[in-house]
Amino acid sequence: MTSDSNRLAIFDPATPDWDKGGDLLPAIVQDARTLRVLMLGYMNRDALRATLATGQVTFYSRSKQRLWTKGESSGHVLELVSVDLDCDRDTLLVQARPHGPTCHLQRASCFPQAPAAFLSELDALVAQRERERPAGSYTTRLFDDGVRRIAQKVGEEGVETALAAVAQDDAALLGESADLLYHLVVLLRARGLSLEGAIAVLKQRHGG
């Protein structure tokens, strides 16, 4: 599996077909974790070079007629993960990790209904619960109980899922599976790991 740094190292700013867009190409920004589309901006050569050099997504502002780094005023920067080109070499796909809401309306995405991978969103919420430990939260109670108790819960939910598969209806199996996935996400976070890390292992095993 190619690392993010290697992918960026081999990306050549001269590769896009700049002439087709008059030296200005659309750049679709996607959350690298949830795959939600965050926004659409435009890049020229200098904006792309700045993005690759600084690791913060930078655009060319058509209204301000200058380079503009996302979050330069709000602090809600987009941390670069990768850049890719479409088949016609005239559109950029930028994957990034958002630090705060991307939209100026304080939404996660400029597209209100943009879908995202729910498990990744759950993983992020569990990570937030671990940091903040809000009172009354079941997730907080699990973290307070420690890794051994969380691991016990994963084991219990695994058994209940297996039993539901052979002895209960589809609704029961889906419910137990949801419980198992949730507790597994909590266990990974309790060990300082993430669902994203487990998915990366799966991708590596399958050559992608």
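The dialogue below walks through several features of a predicted model.

Colleague: What should I keep in mind about numbering and confidence before reading this model?

Modeller: Residues are numbered from 1 along each chain as its sequence is written, and side-chain values use heavy atoms, with hydrogens and water left out. Because the model is predicted, local features need pLDDT of at least 70 and side-chain atom pairs count only at pLDDT 80 or more, whereas totals for chains, interfaces and linings use all residues.

Colleague: Which strands form the open sheet, and in what order?

Modeller: Strands, like helices, are DSSP runs numbered from the N terminus (at least two residues for a strand E, at least four for a helix, H or I), and two strands pair if DSSP finds at least two bridges between them. Here 4 strands form an open sheet in the order E2-E1-E6-E5, with mixed pairing. Its edge strands are E2 (37–43) and E5 (78–85), each of which pairs on one side only. Strand E1 (residues 25–31) pairs with E2 in the antiparallel sense over 6 bridges, and alanine 27 has glycine 41 in E2 as its bridge partner.

Colleague: How many residues lie between E3 and E4 in their hairpin, and are the faces of E3 covered or open?

Modeller: The hairpin of E3 and E4 has 4 residues between the strands, and glutamine 65 in the turn has a positive phi of about 60°. Strand E3 (residues 58–61) and strand E4 (residues 66–69) pair in the antiparallel sense over 4 bridges, with threonine 69 in E4 as the bridge partner of threonine 58. For burial, the cut-offs are under 20% relative accessible area for buried, over 50% for exposed and partly exposed in between, with a 1.4 Å probe and protein chains only. Both faces of E3 are covered, since Thr58 and Tyr60 on one side and Phe59 and Ser61 on the other are all buried.

Colleague: What describes two packed helices, and at what angle do H4 and H5 cross?

Modeller: Two packed helices are described by the angle between their axes and the distance between the axes. Axes are lines fitted to C-alpha atoms, for helices over the stretch in contact (heavy atoms within 4.5 Å), and angles run from 0 to 180 degrees between N-to-C directions. The axes of helix H4 (residues 138–145) and helix H5 (residues 147–167) come within 5 Å and cross at roughly 120°. H4 and H5 are therefore oblique to each other, given that under 35 degrees counts as roughly parallel, over 145 as roughly antiparallel, 65 to 115 as roughly perpendicular and the rest as oblique. Tyr138, Leu142, Phe143 and Asp145 of H4 meet Arg149, Ile150 and Lys153 of H5 in this contact.
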